[in-house]
There are 4 protein chains.
Amino acid sequence: MKIKPFESILSNYKAVFFDSYGVLKNYNGLIKGGEETIKYLEEKGIQWLVLTNDASRSPIQLADKLRVAGLKAISSEKMISSGMMAREFLRSKVRVGKVAYLGTEASAHYIEAAGLETIPVRYINSNNIEEINALVLLDDEGFDWFRDINKAINLLLKRNIPTIIANTDKKYPVSREEVAIAIGGVANLIETVVRKRFIRFGKPDSQMFMYAFQQLRNQNEIAKHEILMVGDTLQTDIMGGNKFGIDTALVLTGNTLKERAKNDIKSYGIIPNYICESIAI
Amino acid sequence: MKIKPFESILSNYKAVFFDSYGVLKNYNGLIKGGEETIKYLEEKGIQWLVLTNDASRSPIQLADKLRVAGLKAISSEKMISSGMMAREFLRSKVRVGKVAYLGTEASAHYIEAAGLETIPVRYINSNNIEEINALVLLDDEGFDWFRDINKAINLLLKRNIPTIIANTDKKYPVSREEVAIAIGGVANLIETVVRKRFIRFGKPDSQMFMYAFQQLRNQNEIAKHEILMVGDTLQTDIMGGNKFGIDTALVLTGNTLKERAKNDIKSYGIIPNYICESIAI
Amino acid sequence: MKIKPFESILSNYKAVFFDSYGVLKNYNGLIKGGEETIKYLEEKGIQWLVLTNDASRSPIQLADKLRVAGLKAISSEKMISSGMMAREFLRSKVRVGKVAYLGTEASAHYIEAAGLETIPVRYINSNNIEEINALVLLDDEGFDWFRDINKAINLLLKRNIPTIIANTDKKYPVSREEVAIAIGGVANLIETVVRKRFIRFGKPDSQMFMYAFQQLRNQNEIAKHEILMVGDTLQTDIMGGNKFGIDTALVLTGNTLKERAKNDIKSYGIIPNYICESIAI
Amino acid sequence: MKIKPFESILSNYKAVFFDSYGVLKNYNGLIKGGEETIKYLEEKGIQWLVLTNDASRSPIQLADKLRVAGLKAISSEKMISSGMMAREFLRSKVRVGKVAYLGTEASAHYIEAAGLETIPVRYINSNNIEEINALVLLDDEGFDWFRDINKAINLLLKRNIPTIIANTDKKYPVSREEVAIAIGGVANLIETVVRKRFIRFGKPDSQMFMYAFQQLRNQNEIAKHEILMVGDTLQTDIMGGNKFGIDTALVLTGNTLKERAKNDIKSYGIIPNYICESIAI
């Protein structure tokens, strides 16, 4: 599979979905050439959205972070986060009561936006445990792991409530050489110990793609074959795009290293339509 | 959680999604009272569709089987099968070439309907292996397990092609006392041995629900909270409906036995909005 | 399966292996009647040993805790812990260098006893990372989970060294109503993220049983059918005893509740030779 | 890690354990130089045994196959198979009654050798199902997969009996380019569908190593550090030898290809003491 210039593949599409981390930016800031690419898309009238498995911040804050990094054209309307999928679920299925969470205060935005009362897991006690109607895992920071993961497990052993995972990633890079466990990894630990089935949102699940697709269609007629998903991670971005039925391009600025790309594609059996060095044109 | 009469919960909804096996019929034929329920829905103007993880037959044949069993109001337009999701994937992502399959000849319908050439796994040989662009697992019958599961594994070790699972169920009941392995169970075996990631269609995945939802919306305005999913299986029907954001009712005429329902709900942590003895009203 | 008095089954055996937590003691202290049972064994000349998946303390400290709880006849020679299996591995396979660990200082005993230098994971840095020859997971306490689990993951991504799990339990009861994640659960999280295979010691693995068997044989001739394993946990004590080829008795004073015993035995497919209320005679 | 000549590492050991397939022989017959190596060991007084995860034949037949391939010095006393571990279990834990099996008639030897009556799964019916006291999975051949795997599942849903897996391998090579699913892979499928825990014998489990170690010690004093395990498979031979506490050498004539050896060692985190091209000296 040959590496192609990103520009050469764009002409086939009316819209592009970008993953955020590893595609638009990484631990060094904005990906080189990223801003020019966005300008190019806007000039050509190609629509674009950002699909991120990040529930640590509200869409407004996520957009702010990209803007501060240098992506001036971003706005919160262009951000579609896995947290928003969790928010929709809470709104339609939980409806009332307190929702316990693991994550930062900023991440609790998604619960509040569903009109529900938030309670950090650390404040659960025998007086309020019966009022809790759901548990949401939002971010790997903002809580004491030992105390609060154990509290979350005991909550789930006592109360039969839905548990929502707002980010399915198991790990994420924090520098060129270091990774950190993401909340999706913590979710697996809890799920194994309590032996229940959690509800997961985020790529590769189709729901985020459907939400983004619907957003495009609210503005213009568009078909699936006119959309390209651009991502750095085979198991989420490329798997999800493929399954949803849109074309996919793998970029080599994030999780998938250039020297391992072909091997990874073969060993996972997840095959993008294109491989590009980066989104730079 | 109290068991409610099915009729008592219907008034809240404009549309109902039924699972087929274990809900509309089982190994004894049509569920008692099923036909009256469908008549009742039609009189009340409540729309209904059938969502089935069955890729062993075309929608026309699936509808025929229900009609023969006694459900006169069924038509193929009301059938939404996991095979149809696989067909959409093949149409949009594979497009050309031969598609190998495990399943009956009838199940190969979904490949042909995508405009692709079918080849049973048993006919793969060194002359045609390079022309095969996908493998689809459709049904647990129609092939020699020992010979063809081993052939499928060697196909996947030699060719880097997508593998599609058109039915995620691991087992299904064949009588009151006996079960059989479904093609989703065979898929797990193959996936473990070749260590690749397959693409799965069927409940609890959102794509079938989205397809059904879209079909309803093509006719009338409808919101998610106006739809009820009725199923007998917690991990597929109820999990999928919950995650998609619609209400769910568990019936006790299939996989979930009455004496185990409460325990299963608690031990899986998958919670339906209602429990009903059956769909009879 | 009928519940039998513990005394009635003892006459068949020349030696008894006891699990510690849930069998000899629990969160309330020594199991009622435990001391009398041990006296009875000693009078009858039936040998006994304690096999525990506990690597949080040295055998001397483990015996001390049982003695303080009231079991006067205990001595450290009767304690066989999963930590001792880890110690043997370190002695025979690692031999030299620093060994990093997650756990309390007391748990690090097993590394020192192998003649190796210990380093808590939190003190790993770029200066000493190359000197580390193994990682051992000993106990769920004694470290900051967020910081040190992440540090352990980065250690394993940088250094190709064996990782040893000295306690395979996923959770343990801390009171009648609360559980806590054990280090075996943390090990699963790390293993999933780094995608490596760790080396696990502790029941149900045969090595602890073999070690205990050997200890008996160093004193007297004894055959496997003359030994009884007594435990409260199907997946470790009973599975391990069965697999090793000795008889097994399940007691209902720990992980397996009386009202769930028959169901658990059936659903796991792990079948003890006997069920007893407790070890009391 | 440097590749070393096999002869150069032998001087450190008083005994060598060889895996059979991929080490002593492969699909082409005896490994080149294998006979000379065995002669060399016998001249030097180095003891040797064969440890194989093969339960398809009796030790006598396994030895015959190696002798026919050209290894004249082999005798059945030198063969230690995973089937023998299953036999010991049946003898000590099942003791009486009928034992159902999946495998060839030759593989049923291990059940008969335990003094038990054998019944192929295909002959199970409502008249004899209550007499069956265990199920043993021995070999991937000798039965109709579709019919008999489904029969085995229904047996386990109806009868609460132990299930023994006499070969944990998931696949095995049948030619330079083709693999086949081994009975260990079939076991995983059945275990997933019935949701029970099976009892597995074979490397990397310690029991085979312990059995072999005991056999050596019945003849002469020997310590673990004086034994070398030679294997072609990281997850069974090397993992098992490491865990048991003996030194390990990976050879490149079987499952682990030369070009992938270093990568596989790193990605699994299973580290042999030595790597050798083959056992040729």
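Chain B and chain C do not touch in this predicted model, where two residues count as being in contact if their C-beta atoms, placed from the backbone, lie within 7 Å. The nearest C-alpha atoms of chain B and chain C are 12 Å apart. Chain A and chain D are not joined by any contact either, and 11 Å separates their closest C-alpha atoms.

As for the numbering, residues count from 1 along each chain as its sequence is written, while chains are lettered from A and ligands numbered from 1 in the order in which they are written. Because the model is predicted, local features need pLDDT of at least 70 and side-chain atom pairs count only at pLDDT 80 or more, whereas totals for chains, interfaces and linings use all residues.

Now for the pairs. A turn of 180 degrees, with a shift of 0.0 Å along the axis, lays chain D on chain C with an RMSD of 0.0 Å (superposed by least squares on the C-alpha atoms of residues with pLDDT of at least 70 in both copies). The two copies are thus related as by a two-fold rotation axis. Within chain D, Ser206(D) has the C-alpha nearest the axis, 3.2 Å from it. Of the interface residues of chain D, 100% are also interface residues in chain C, so these copies meet through the same surface.

Chain B, in turn, is superposed on chain A by a rotation of 180 degrees with 0.0 Å of shift along its axis, at an RMSD of 0.0 Å. Ser206(B) supplies the C-alpha of chain B nearest that axis, at 3.2 Å.
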